[in-house]
Amino acid sequence: MSLLATRIMMEEMAKNISCRTFHTVIQQVTRWLINYGQGDSIETITITHSDLADALGVRREAVTLALNQVEQQGCVSLNRGHIKVKDYQLLKNLACDCNSEPTLNKIWGDQELSNIKDLPSKLKSINSLSLIKPKSFDNGST
């Protein structure tokens, strides 16, 4: 895996961790509903409250309360195992803005990439400054 791919995955994980730490369950649920369609509005999502809770890492009861509040605001309608999105724009307004700038599909600019282009030479210079020098493996055949 390339260093750029690793960096993108790490940024995505950091964003998800901070979202789960600092945002309400309602914001997380609405963000998940938006992400389910990858930005496109999907009319009906087939998922149970329990499965959604597992995906978000929260209690099922918290998801049920959040979805009930979102339903009261007119964004969705709930049926057993189905969530029908009625007002996608209002759903976006309720969601946190963690996905306002995607990382996985982000078009990386030269300025952002310039920091990692010299990475192999930077790693060599850091390694040369290291206090622990790698052992020389001499097989004694001199």
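Let me start with a definition: a helix here is a DSSP run of H or I covering at least four residues, with helices numbered from the N terminus. By that convention Gln28 lies in helix α2, and I will come back to this residue later on. Please keep in mind throughout that what we are looking at is a predicted model.

First, the overall layout. The chain has seven helices and three strands, and if you read from the N terminus onwards the order of the elements is α-α-β-α-α-β-β-α-α-α. There are 142 residues in the chain, and 26% of them count as buried. The accessible surface of the chain amounts to about 10,100 Å², with 54% of that area belonging to carbon and sulfur atoms. As for the contacts with a separation of 6 or more, 60% of them come from residues 24 or more positions apart.

Now to Gln28 itself. Is this residue buried or exposed? With a relative accessible area of 5%, Gln28 falls under the 20% limit and is therefore buried. Leaving aside residues up to four places away in sequence, Gln28 touches Cys19, Arg20 and His23, and also Leu56 and Val58.

Two of those partners, Cys19 and His23, appear again in the surroundings of Cys98, which touches Lys15, Cys19, His23 and Arg31 when residues up to four places away in sequence are not counted. Cys98 sits in the loop between α5 (88–94) and α6 (110–117), and its relative accessibility of 13% is why it counts as buried. Its contact with Lys15 spans a good part of the sequence, since these two residues are 83 positions apart along the chain, while their C-alpha atoms are 6.9 Å apart in space.

While we are on cysteines, let me mention two others. Cys75 is buried, with a relative accessible area of 0%, and Cys96 counts as buried too, at 8% relative accessibility. How many disulfides does the structure hold? The number is zero.

Let me move on to the strands, and to the hairpin in particular. Strand β2, residues 76–79, runs antiparallel to strand β3, residues 82–85, and four bridges join the two. Within this pairing, Val76 of β2 stands opposite Val85 in β3. Two residues lie between the strands of the hairpin, and Gly81 takes a positive phi near 80°.

Which residues of β2 are on the covered face, and which are on the uncovered one? Val76 and Leu78 make up the covered face, whereas Ser77 and Asn79 make up the uncovered one. The general background is that side chains in a regular strand alternate between the two faces of the sheet.

Next, the charged pairs. As a general matter, side chains of opposite charge can pair when their charged atoms come close. In this model the count of salt bridges comes to three.

One of them is formed by the side chains of Glu43 and Lys84, at 3.9 Å from N to O. This pair links distant parts of the chain, because Glu43 belongs to the loop between α2 (25–36) and β1 (44–46) while Lys84 belongs to strand β3, with their positions 41 residues apart. Glu43 is exposed, its relative accessible area being 51%, whereas Lys84 is partly exposed at 37%. I would add a word of care here, since the limit for exposed is over 50%, and Glu43 is therefore classed as exposed on a value of 51%.

Another salt bridge joins Glu61 to Arg59, where the closest N and O atoms are 3.6 Å apart. Arg60 also forms a salt bridge with Glu61, with a closest N and O distance of 3.5 Å. Through these shared partners, Arg59, Arg60 and Glu61 are joined into one network. In terms of accessibility, Arg59 is exposed with a relative accessible area of 55%, while Glu61 is partly exposed at 39% and Arg60 is partly exposed at 40%.

Finally, a word on the nonpolar surface. Met10, Met13 and Ile17 form a nonpolar patch on the surface, and together they have about 320 Å² of accessible area. Met10 is part of helix α1, residues 3–22, and at 48% relative accessibility it counts as partly exposed.

Technical notes
Residues numbered from 1 in each chain as written. Predicted model: local features only at pLDDT ≥ 70, side-chain atom pairs only at ≥ 80, totals over all residues. Heavy atoms only, no water. Patch = residues over 30% accessible without salt bridge, like charges linked within 9 Å, V, L, I, M, F, W, Y side chains within 5 Å. Areas by Shrake-Rupley, 256 points an atom, 1.4 Å probe, with all protein chains shown as cover. Salt bridge = Lys/Arg side-chain N within 4 Å of Asp/Glu carboxyl O. Buried < 20%, exposed > 50% of the residue type's maximum accessible area, 1.4 Å probe, protein only. Pairing = 2+ DSSP bridges. Contact = heavy atoms within 4.5 Å. Disulfide = S-S within 2.5 Å.
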